[in-house]
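Got your viewer open and the selection box ready? Here's a short walk through the chain, one stop at a time.

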Amino acid sequence: MASSFFISKAVNAANSDIVINEIGAYPTSTHEWIEIYNKGNDAVDITGWKFWENATNHGLTATGTNDSIVAPGEYVTIAQNAAVFMTDHPNFPGSIFASSWSTLNEAGEEIGLKDAAGNFIEQFTYLPAPDHSLERKNPHVRDYATTNWQEHVNGNTLGLVNSNFGDPSSPLPSSGITSATPSPAAHNPAGSVNASIWAQIKINEFVADPGNGNEWIELYNPTETTLDLSDGTLCDSRLNSACTIANLSGGLAAKSWVVITLTSDHLNNGGDTVILKNPNGIVVDQVTYGNLLISKVGQALARKVDGMDNNDTGDWAVTTQPTAGSANVIISPPSPPSVSATNRDSSASNHPRHTASQTASSTENITTPNTSDPVKIIWKIMAPKSATPGEVLDFSAAESADPRGGRLNFRWDFGNNEIHTGAETSRIFATSGAYTITLSASSTAGTVGQKKLSLTIAPGLSFDNRGVVLSEVFPNPSGPDTSEFIELYNTASSTADVSGWQLKLKSDKAFTLPDHTTLPPHDTLVFYRLVTHLALDNNGSMVELISAQNATVDMIEYPKSINGQSYTRTEKRWAWTTPSPGHIKTQYIESLEPKILGEHIDAASKIIPSAVHEYVGSTITDIRSLAKGAYVKLTGLVTAIPGTFSKHYFYITDGSSGIQIYAAKKIFPELAIGDQVAIAGTVSNLHGVPRINIKQADTVDILATNGQFAPEPLTLDELDDTNAGGLVVITGEITKLTKNLMYVDDGRGEIPLYFKSGTHIDKQVFSIGDQVKVTGILEHPQSGPQLWPRNQSDIEIISSTTINQAPSSPTTAKTYGFITAGGLALITLAWIIKEAYS
């Protein structure tokens, strides 16, 4: 009866988005740990959750300043002893939850994770891992065998993407095709269908006449979001209830493929239509083939470019090499395909209901290289040649081009069946070693090519070599010109790999440093004209140091030279001194602080610091468009403090646009709305949202407090890059309410309001048709513009379609009735007790 007084609170995300991702059973007792991961798109509150081991519930307690919210994509550790764990792993970037258990069995044992209600979120027996951590290959796969778990080769990947992540050899066991009987509605309850993602799913390849074997259809998800396929259907051209040839289930990961294998013949050899419907029965994609677009036995029909929006026959091709669940290989038949001699009957009686299976992978359309083609792809690749374990490395071939003018598709093969697609990608290497990466490209115009990239991973070989500077330039020797030189110095405490770097003159002449060129800490390298063939201008010029990623690392403009003297970086400035090539100038360089770009030391010279491609004084609009990795300095007023949307970031504005300031370790100074701050960090991007990455709290400098600014009133047709990230005001009518979104139309357009979990906004007070005035951060993720209100007061109801019904409204009446019933029950209990003792 007492439970009558409890009122439940909605959960922000499905608890099942939390998975056990890595298991540290191998350390000695008190040093053990479990890593969990939020694979979903919403934050999850794990207050009251339990780690289950040895048939015992072990409580979880957030440590330090951490709360119980696990953000999307966040790695969290459950530590056997939190203090010991923090000593063992001081750089762990995520939240740490203290727990306690006797010991984890290195030979494997049954463990689980329970939510606050005591329900198992996950329960399984893990595999033996006596020497290193046990890593999960794919967090979206509920497979607990060796196909999806393996022991790390020499350690662990705490707080990082697992070293075996994304291996496509692990099919999702639960991702099968059910019988044609409709799936239970619980998979996609009313209003929960992600229509915007469904609308972008494409039929990508299919085989209508396999000869020996089964017909199959491949779907492709071009978005950045995993989609639940439950209750979606595949149909053929029959316009009746019997058109269903497959009911879908399971998940389709972002930028990935899924193959549906049909166990009965449904697709007519001579022509038909393949139709994809979302759970609401709405057609989201369809492809009609026939006439000239006909495949023969064993051939496939495939999109020339994966996920291409058009379904014109010109965007499809017949290929003699079907590639179910892997890279499409477009190899045209030697002669135009002809209609098969026998067509299958398309009548309903020949389309029995069936079961089928599906497997998933993640690759891209690549045509087999034609070595006889004289036309070659023009490559422009930006990739590191070395790095330390655990660094996030960026790879790009975006500026490569096809001389025939076609669109290029890219495929990055990192080995061990790990395939990435697209012009740009990122990868973390958890272990040391020499790696070969194969980059393949195929053009819609038929041009193909392939490049092999070498990468060395080892401690002390960070790709982020900002410590390397120009330290001495000798343009006017008294002796032969071949004794001219340029010297580099490494101010850092680790070895720098400068292979592929360039020394470049103002005339654009450049020398590329050879492979395997490294610069030890606090040491120098001297490059003479005899080697570089770079003639330094005696009348003054510029020398630029450029990284292998084509980023300017350092630059010096020297004035008219003095015969027999070199231009040397000293403690306070550059100055003419006696040449000293190869001599370590510690007394000069160690205390040299980076100067603001363009600061003048004297009339003849200036210093440009060693920070990578530093941008100072640019507007936030300009900074938002910079490439990842650009080092920036900027100032602005705080518009959203840490914890508003996430504890990992806050927002600033320059009065027009704004940008997110992100720290993986969630370490910020105490900030307030209106604080004027100076920021130094590097540009990055997550799902289309630009942000500045900072590594420590002292890179945020509070210049002033209580700054005043007014949000910018806008109409939705005024949205552009100049106000992206800024604090704006929109006025309009509520047109739609979903779990995390509220749509507002101002008569000139419609925009979704995204309610981040940290804002604690109560959507129950809003109704469709209400006129509202909304203040919020305007962002442009890949899904389109969104407005992010910061709290309840950011949404002002101007007029409401709902008459105030409290306390007689149905909801209120139900609540009061619920509580009253509980009260009456207690009174009744008291009367019974009284009678029993009277």
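Which residue of β8 does glutamate 35 stand opposite? Select glutamate 35 and look across to β8: threonine 77 is the one facing it. Before going further, keep in mind that this is a predicted model.

**Stop 1: β2 and its sheet**

Stay with β2 and colour residues 33–38. Buried residues account for 6 of its 6 positions. Flip the view to check both faces: Trp33, Glu35 and Tyr37 are buried on one side, while Ile34, Ile36 and Asn38 are buried on the other.

Now add the neighbours. Strand β8 (residues 75–79) runs antiparallel to β2, with 5 bridges between them. Strand β1 (residues 18–24) also pairs with β2 in the antiparallel sense, over 6 bridges; pick isoleucine 23 and you'll find isoleucine 34 as its bridge partner in β2.

Zoom out to see an open sheet of 7 strands with mixed pairing, in the order β6-β9-β8-β2-β1-β12-β13. The edges are β6 (61–62) and β13 (149–151); each has a single partner strand, so one side of each lacks a neighbour in the sheet. At the β13 end, select β12 (residues 134–136), which pairs antiparallel with β13 over 3 bridges. Leucine 134 stands opposite glutamate 151 there.

**Stop 2: the largest nonpolar core**

Next, select Ile203, Phe206, Ile217, Leu219, Leu234, Leu276 and Tyr289, the residues with the most contacts inside the largest nonpolar core, which has 29 residues. Elements that each supply at least two residues of this core include α2 (195–198), β15 (202–207), β16 (216–221) and β22 (272–277). Centre on leucine 234 and show what surrounds it: among the residues it touches are Ile217, Leu219, Cys243, Ile245, Ile260 and Leu276.

**Stop 3: salt bridges**

Show the charged side chains; the structure holds 13 salt bridges. Try glutamate 399 with lysine 380, at 3.1 Å from N to O. Glutamate 399 is in the loop between β28 (392–396) and β29 (408–413), and lysine 380 is in the loop between β26 (356–361) and β27 (386–387), 19 residues apart. Glutamate 399 is exposed at 51% relative accessible area, while lysine 380 is partly exposed at 39%.

Then jump to arginine 529 and glutamate 484, whose closest N and O atoms are 3.2 Å apart in another salt bridge. This one links helix α3 to the loop between β34 (468–474) and β35 (485–490), with the two residues 45 apart. Is glutamate 484 buried or exposed? With a relative accessible area of 3%, glutamate 484 is buried, whereas arginine 529 is partly exposed at 23%.

**Stop 4: the surface by α3**

Keep helix α3 (residues 529–532) selected and highlight leucine 530 within it. Leucine 530 counts as exposed because its relative accessible area is 60%, and exposed means over 50%. Add Tyr528 and Val531, which form a nonpolar surface patch with Leu530; together they have about 290 Å² of accessible area.

**Stop 5: threonine 775**

Finish in strand β57 (residues 771–779), where threonine 775 sits. Threonine 775 is buried, at 13% relative accessibility. Show its contacts beyond four places in sequence, including Pro711, Leu727, Val729, Pro789 and Asp794.

For a last look, zoom out to the whole chain: 6 helices and 59 strands, with 49% of its 838 residues buried.

Technical notes: Residues are numbered from 1 along each chain as its sequence is written. This is a predicted model: local features need pLDDT of at least 70, side-chain atom pairs count only at pLDDT 80 or more; totals for chains, interfaces and linings use all residues. Side-chain values use heavy atoms; hydrogens and water are left out. Helices (H or I, at least four residues) and strands (E, at least two) are DSSP runs, numbered from the N terminus. Buried means under 20% relative accessible area, exposed over 50%, partly exposed in between (1.4 Å probe, protein chains only). Patches are made of residues with over 30% relative accessible area and no salt bridge: like charges are joined within 9 Å, nonpolar side chains (Val, Leu, Ile, Met, Phe, Trp, Tyr) within 5 Å. Accessible areas come from the Shrake-Rupley method with a 1.4 Å probe; for residues, only the protein chains shown count as cover. A salt bridge is a side-chain nitrogen of Lys or Arg within 4 Å of a carboxyl oxygen of Asp or Glu. A nonpolar core is a set of buried Ala, Val, Leu, Ile, Met, Phe, Trp, Tyr and Cys residues joined through side-chain atoms within 4.5 Å. Contact means heavy atoms within 4.5 Å. Two strands pair if DSSP finds at least two bridges between them.
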